[in-house]
Amino acid sequence: MSFFRQSDFVGDDRSSQAQEDLDRLIESIHQELIPHLEMESPNPRNPVIVHRVPEPWQLLGTGNYAGVFYHSDYSDLVVKIYATGRLGWEDELEVYRRLGSHPSFSECFYAENNFLILKRLHGVTLYDCMHRGLKIPKRVIKDIDRALEYARSCGLYPHDVHGRNVMMSDGRGLVVDVSDFLEEEPCLAWKDLKKAYYLLYLPLFSWHRLRVPYPILDLVRGSYRLFRRVFDRR
Ligand SMILES: Nc1ncnc2c1ncn2[C@@H]1O[C@H](COP(=O)(O)OP(=O)(O)O)[C@@H](O)[C@H]1O
Ligand SMILES: [Mg+2]
């Protein structure tokens with residue numbers, strides 16, 4: 001079992017109250033969440049499926065590798081639990097270690113086998129913004145660009161930066177998933193998303209409060225993946 005505290009790697013001066021909260025949260029993860037959580041990842045190309053979340057825990061979001069949950073008593077913290085068989089929590093911890101504290105990213109307060117306790121980002125993913133018809137201003141895109149530049153300056157390689165991994169919060173941009181930022185292989189997801197934003201979204205869609213249903217968003221996601229696979233092979 002590995003054990004890290006935020007103070008081990010960012011020299012933080014969290015108060016003893018915050019430390020007690022963190023300890024209680026870790027206890028609840030071990031005693032209430034993990035033993036009763038039912039989650040599976042049948043296909044690493046699609047989000048994990050969560051069948052059961054024990055009270056008082058709530059599901060906040062899912063990615064292709066992990067589920068993210070919060071406890072109603074600790075609304076500024078989340079726990080990201082990797083599904084059985086999905087590796088990556090140690091790499092993600094290393095990314096947070098390098099990023100330290102930055103307003104456009106979350107922070108890792110604690111990690112151990114298969115889960116990380118992270119700062120909660122109170123935002124809406126760009127994917128969900130499209131679903132809810134929320135207007136995405138240019139500033140969000142520019143903030144994310146700047147955040148990715150900062151990540152590069154920390155020796156990281158922004159990877160897999162797509163609509164479910166970035167958020168809008170009070171008109172500002174945030175990066176919510178950094179788990180693949182150690183992968184040096186180039187990734188065009190963010191460049192392509194920006195092209196779609198400037199060439200399609202801004203001129204055509206940003207004027208209407210268009211709410212895109214999830215099946216259509218998933219169709220776009222799947223088609224994009226297919227396009228990239230065919231195009232990159234050339
Ligand atoms: N720190 C956070 N604060 C708030 N929501 C989060 C946070 N981290 C993840 N989420 C939510 O959980 C979803 C899945 O998390 P993510 O890190 O993308 O998992 P994966 O690595 O499996 O792709 C995100 O799309 C987002 O909605
Ligand atoms: Mg993700």
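A nonpolar core here is a set of buried Ala, Val, Leu, Ile, Met, Phe, Trp, Tyr and Cys residues joined through C-beta atoms within 7 Å. Buried means that 20 or more other C-beta atoms, placed from the backbone, lie within 10 Å of a residue's own.

This is a predicted model, where local features need pLDDT of at least 70, side-chain atom pairs count only at pLDDT 80 or more, and totals for chains, interfaces and linings use all residues. Residues are numbered from 1 along each chain as its sequence is written, with chains lettered from A and ligands numbered from 1 in the order in which they are written.

The largest nonpolar core has 48 residues, and Phe 115, Val 166 and Val 175 have the most contacts inside it. Helix α5 (residues 138-153) is its top contributor, giving six residues; helices are DSSP runs of H or I, at least four residues, and strands are runs of E, at least two, numbered from the N terminus. Both domains give residues to this core, so it lies between them.

Those domains, with bounds from an automatic or database domain assignment, meet as follows. Residues in contact have C-beta atoms, placed from the backbone, within 7 Å.

| Domain | Bounds | Residues in the contact |
|---|---|---|
| Domain 1 | 4-119 | 14 residues |
| Domain 2 | 124-233 | 17 residues |

Their centres, taken over C-alpha atoms, are 23 Å apart.

Now for ligand 1. Domain 1 and domain 2 both supply residues to the shell around ligand 1, so it lies between them. Strand β4 provides the largest share of that shell, three residues.

How values were computed: Buried ≥ 20, exposed ≤ 12 C-beta atoms within 10 Å, placed from the backbone. Contact = placed C-beta atoms within 7 Å.
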